[in-house]
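Please examine the sequence and the structure shown below. The paragraphs that follow lead through selected parts of the model.

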Amino acid sequence: MTNIKDIARLANVSVSTVSRVMNQHPHVSDSVRKDVLKIAEKMNYVANENAVKLSRGKSGMIGVIIPYNNNSCYDELIQAILKETKERGYQVLLLPTYFEKKAEEYYCSLLSKKVVDGMIITSKISDDAFIEKLAKNGEIISTEKLKTNEVTAIFPDRKKAYSDVFSYLKNQNYSSIVFTINREVEESTSSREKVLSYTEIFGEARKNQQYFSQLNSYQGGYELAQKLFKQQLVPDAIFSNGDEVAAGIIGGAAELGYHYKNDFEIIGEGNLSYSKLLNFSSIDFHQGEIGKAAVQQLLSESKPMHQIKLATFINRRI
């Protein structure tokens with residue numbers, strides 16, 4: 001098997017020069033680089049990729065922590081991250097945690113082990129103190145709002161978007177409003193902000209009355225609709241925590257003879273194909289812009305900062 005010593009001998013250069021060529025170091029003359037690469041190609045030399053990465057001190061890999069690998073609400077964000085990293089010559093390691101703390105902590109340890117050059121955390125269960133400590137081992141970007149200023153966070157202004165939706169519903173003179181969240185208020189910043197937004201506009205929000213938790217799929221929305229509408233508990237409006245959940249609510253209600261355009265209004269989150277196809281209102285969090293900005297910030301190695309992106313309420317009832 002050909003090694004760099006063989007190439008160095010035939011090219012009449014040192015082993016270190018061949019190594020610099022293979023590692024794409026700039027301080028090699030064009031003529032020497034051309035000769036070395038020509039000989040390497042002729043001898044069918046294949047560089048040891050792990051050795052190359054080790055010599056550079058970089059893995060060429062970015063870790064992306066996501067709660068699920070099959071949830072449509074993360075599709076736009078992940079696609080933007082994949083596209084931007086590819087254009088910059090990096091690879092992506094997707095790390096689904098399913099909000100299991102041990103899995104999340106293990107994946108985060110990959111940063112200190114130098115398996116990845118940086119980490120993008122789309123959603124987490126660990127507290128900010130853990131993330132702040134982790135950031136001492138390498139670059140981290142959160143696409144969720146953080147309390148700490150020691151870690152960069154690029155995230156949508158969910159609080160304003162939620163307030164916009166609830167204000168709209170109040171202006172419609174709706175008195176019976178149900179909304180849904182995924183994780184419990186104690187676990188999730190976005191859940192807390194949604195409950196707080198409702199409280200500021202309508203008053204107390206009680207679990208299993210004004211809001212329902214643990215919904216993250218079409219099936220979850222379907223089952224909630226079946227539960228409510230079988231009891232003839234028909235709200236004026238339902239504000240779901242995702243377009244996929246909203247579609248499930250629409251499907252479950254329709255089976256029982258209730259239709260969202262006539263019997264109740266529904267609003268989703270994500271502005272995904274579900275809301276566009278079924279023509280219901282939604283919030284666009286512009287996750288594609290956030291994903292691209294997260295990669296750019298991660299690879300720039302700039303100082304930590306918080307960047308709030310505008311979220312847009314897409315009102316399709318107008």
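In this predicted model, the side chain of Asn315 comes to 2.9 Å from the backbone nitrogen of Arg317. A polar contact of 3.4 Å also links the side chain of Asn315 with that of Ser281. Asn315 belongs to the segment that follows strand E12 (312-314). Leaving aside residues up to four places away in sequence, Asn315 touches Tyr168 and Ser281. Its relative accessible area is 18%, and because buried means under 20%, Asn315 counts as buried.

The interior also contains a nonpolar core. Among the 23 residues of the largest nonpolar core, those touching the most other members are Phe166, Leu169, Phe179, Phe239 and Ile283. Two or more residues of this core come from each of H8, strand E6 (177-180), H9 and strand E8 (237-239). The greatest contribution is that of H8, which gives six residues. Leu169 offers a view of the surroundings: apart from residues up to four places away in sequence, Leu169 is in touch with Tyr174, Ile177, Phe202, Ala237 and Ile267.

Attention may now turn from packed side chains to empty space. Rolling a probe the size of a water molecule over the atoms reveals where such space remains. How many cavities of 30 Å³ or more are there? The count comes to one. The volume of the largest cavity is about 670 Å³. Its lining is made up of 41 residues, and Cys73, Tyr74, Arg158, Ser190 and Asn241 are the closest to its centre. At least two lining residues are supplied by each of helix H5 (75-87), strand E5 (152-156), helix H8 (158-171), helix H9 (189-202) and helix H11 (243-255). H9 provides the largest share of the lining, five residues. Sorted by class, the lining of the largest cavity comprises 13 nonpolar, 17 polar and eleven charged residues.

Two loops complete the tour, each with an asparagine whose backbone deserves a look. Asn12 is placed in the loop between helix H1 (4-11) and helix H2 (15-22). Its phi is near 60 degrees, a positive value in a residue other than glycine. With 71% relative accessibility, Asn12 is exposed, because that class covers values over 50%. Asn208 lies in the loop between H9 and strand E7 (211-212). The phi of Asn208 is positive as well, at about 65 degrees, although Asn208 is not a glycine. Is Asn208 exposed or partly exposed? Its relative accessibility is 47%, so Asn208 counts as partly exposed.

Conventions:
Residues numbered from 1 in each chain as written. Predicted model: local features only at pLDDT ≥ 70, side-chain atom pairs only at ≥ 80, totals over all residues. Heavy atoms only, no water. Helix = DSSP H or I, 4+ residues; strand = E, 2+ residues; numbered from the N terminus. Buried < 20%, exposed > 50% of the residue type's maximum accessible area, 1.4 Å probe, protein only. Polar contact = N/O pair within 3.5 Å; in protein donor to acceptor, adjacent residues only side chain to side chain. Contact = heavy atoms within 4.5 Å. 1 Å grid on protein atoms, 1.4 Å probe; cavity = no way out; pocket = protein on both sides within 12 Å on 5 of 7 lines; lining within 4 Å. Points joined across faces, edges and corners; volume = space filled by probe spheres on them. Nonpolar A, V, L, I, M, F, W, Y, C, P; charged D, E, K, R; others polar. Core = buried A, V, L, I, M, F, W, Y, C linked by side-chain atoms within 4.5 Å.
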